[in-house]
Amino acid sequence: MTAPAPSSRRSAGFFVGFLVVALLVAGALSYFASPHPDGLDTVTLEGCQVVETNAGEQLAGTCIAQNATDHTIAGSPLAHYAVAGGAATVGLAGVIGVLVTVVVAGGLFWVLRRRGTPGDDHQ
Amino acid sequence: MLVVREVGVVGDIVLAMHMSDGLVNAPTAAVFGLVAVIGLAVAVSRARADLDDRTAPMAGLVTAFVFAVQMINFPILPGASGHLLGGALVAILVGPWVGSLCIAIVLAVQALLFADGGLTALGANIVNMALIGVFAGYTVAIALRPLARRGRGGLVATAFVAALVNTVVAALAFVIEYAIGGAGGASLGTVFTLMLGLHVLIGIGEGVITAATVGAVASVRPDLIHLLRGSTTPLQIRGPATAEGNPS
C-alpha cells in the first residue's frame, strides 16, 4: 500500500518508452521485414511451386499447404496486415495492432491484478 | 507462364505466420482447442499472483511488443524467413502464466483481426507457442537462473539459450500435431527434419532479439524482470540504484 519505491513516474516513463518502441517496430520497421515465407510456411510449401494461372495463383506439386483453407475472415479490413487491402499500409496496420493489443492485454491484466495487497514490496 | 511467387503477403495464396486452417484434421484441431482452453484457464488463475499495479501495465506492454516484433520477419536462408515467437521473452519478463496469456492474446488478435493463423487452428497455435513455447523457455530460464543473477552478461546468455530452445520446442509441437492428425502432403520425416533445421536457425534470431530486449530492460528497470525476482538475492533486484552494479 505504500508508495512504490521506484516512483510511479519513473514507471510511467519506462512504460511510455516501451510503447513507443513497439509502435516504431510495428509502424516503421515492418516495412523492412522479409517477404519470404517463415519457417512453418516454408515447410508447408515444400514440394510445391506457386504458379500463375488464369484462375489466380495455384500450388503445383504436392505439399501440405494445399490442404490449407482460406481464412474465415480473409475479407476483413485488416486482413494480412494491410488496411483495406491497400498497398504499403503494413505500418498503419501494425500501429492499429499494437494499440488494440495493448488495450486488450493491459485491460485484462489490470482487471486480473491483485488489489489491496502490497504490490510494490518487490515480491 | 510459370512464375514462382516471391512475395508472400498479398495474393490468392496467402501465407500467414502461424498455422492455417486445414493443416491438421478437425478432430485434432478440436482436441488442441480444448487443451488450449484448459491451459489458458489455469494460466488465468495462476497469473493473478504475478499481477499488481506495476506488473499489469508491464505485461500489457510486453504483449504489444511481441505483437510488433512478430511482424518483423528476418531472413534465415535464401527464400525463407523467420520471426519471433516470444515464449522465452515473456516468461523471463512477466513469468510463465502471465506470459502464456500474453502470447495467447497476440495470437487471438492476429487471427481475429489480421486473418493470420486459422480460427480452428487457433487452439493448436496457442498450445504450441503460448503454452509449450513459453514453458520450454521458462524451464531453461529457471535452470540457468543462477547464471542470470550473476550479472547482465549471464542474464543475456540465459535469455538467448531459453529463446533458442523455446523456438525449437514450439516447432516440434507442430510436428507432433502433424503426426497425430496431419492433412498430408509431406512425409512426417520431411516435416520433422525441415521444421527442426529451419527453427534452429530461427531460434538463433529469436535468441538475439530476446537477449537484446531483456538486456535493454535490465539496464533501465531490472526490478521489472520476473526471472530476477525472489528472495535469494534481493540486492540484485532492488531496482534502479543497483542497476549499474551489474557488470555489463
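**Notes on the predicted two-chain model**

1. Let's start at the end of a helix. Ala115(B) comes after α4(B) and has a positive phi, near 55°. Keep in mind throughout that this is a predicted model.

2. Now the helix itself. α4 of chain B covers residues 96–113, which makes 18 residues. From first C-alpha to last, α4(B) reaches 25 Å, close to the 26 Å expected at 1.5 Å a residue. Of its 18 residues, 17 are buried, so α4(B) is largely enclosed by the rest of the structure.

3. Next, the nonpolar side of things. The largest nonpolar core counts 121 residues, and Val66(B) and Cys102(B) are the ones with the most contacts inside it. Helix α7 of chain B (residues 152–181) is the top contributor to this core, giving 17 residues. Chain A takes part as well: domain 1 (35–68) and domain 2 (78–123) of chain A both give residues to the core, so it lies between them. As general background, nonpolar side chains in soluble globular proteins tend to be buried together.

4. What does Val66(B) touch, not counting residues up to four places away in sequence? The partners are Leu84(B), Gly86(B), Leu89(B), Val90(B), Cys102(B), Ile103(B) and Val106(B). So if you click on Val66(B) in the viewer, Cys102(B) is one of the residues to look for.

5. About those chain A domains: the centres of domain 1 and domain 2 of chain A, taken over C-alpha atoms, are 32 Å apart.

6. The two chains also share a contact, with 69 residues coming from chain A and 82 residues from chain B. On chain A, the elements that each supply at least two residues to the side touching chain B are α1 (8–27), α2 (39–44), β1 (48–53), β2 (56–61) and α3 (90–112). Among these, α3(A) gives the most, with 12 residues. By class, the side of chain A that touches chain B is made up of 37 nonpolar, 24 polar and 8 charged residues.

7. Last, have a look at Phe32(B), which sits in helix α1 of chain B (residues 26–47). Is Phe32(B) buried or exposed? It counts as buried, because 28 C-beta neighbours fall inside 10 Å and the cut-off for buried is 20 or more. Setting aside neighbours within four places in sequence, Phe32(B) is in contact with Gly123(B), Ala124(B), Val127(B) and Glu177(B). Glu177(B) is 145 residues away from Phe32(B) along the chain, yet their C-alpha atoms are separated by 8.6 Å.

Definitions and conventions: Residues are numbered from 1 along each chain as its sequence is written. Chains are lettered from A and ligands numbered from 1 in the order in which they are written. This is a predicted model: local features need pLDDT of at least 70, side-chain atom pairs count only at pLDDT 80 or more; totals for chains, interfaces and linings use all residues. Two residues are in contact if their C-beta atoms, placed from the backbone, lie within 7 Å. Helices (H or I, at least four residues) and strands (E, at least two) are DSSP runs, numbered from the N terminus. Ala, Val, Leu, Ile, Met, Phe, Trp, Tyr, Cys and Pro count as nonpolar, Asp, Glu, Lys and Arg as charged, and the others, Gly among them, as polar. Domain bounds come from an automatic or database domain assignment. The expected span of a helix is 1.5 Å times one less than its number of residues. A residue is buried if 20 or more other C-beta atoms lie within 10 Å of its own, exposed if 12 or fewer, and partly exposed in between; C-beta atoms are placed from the backbone. A nonpolar core is a set of buried Ala, Val, Leu, Ile, Met, Phe, Trp, Tyr and Cys residues joined through C-beta atoms within 7 Å.
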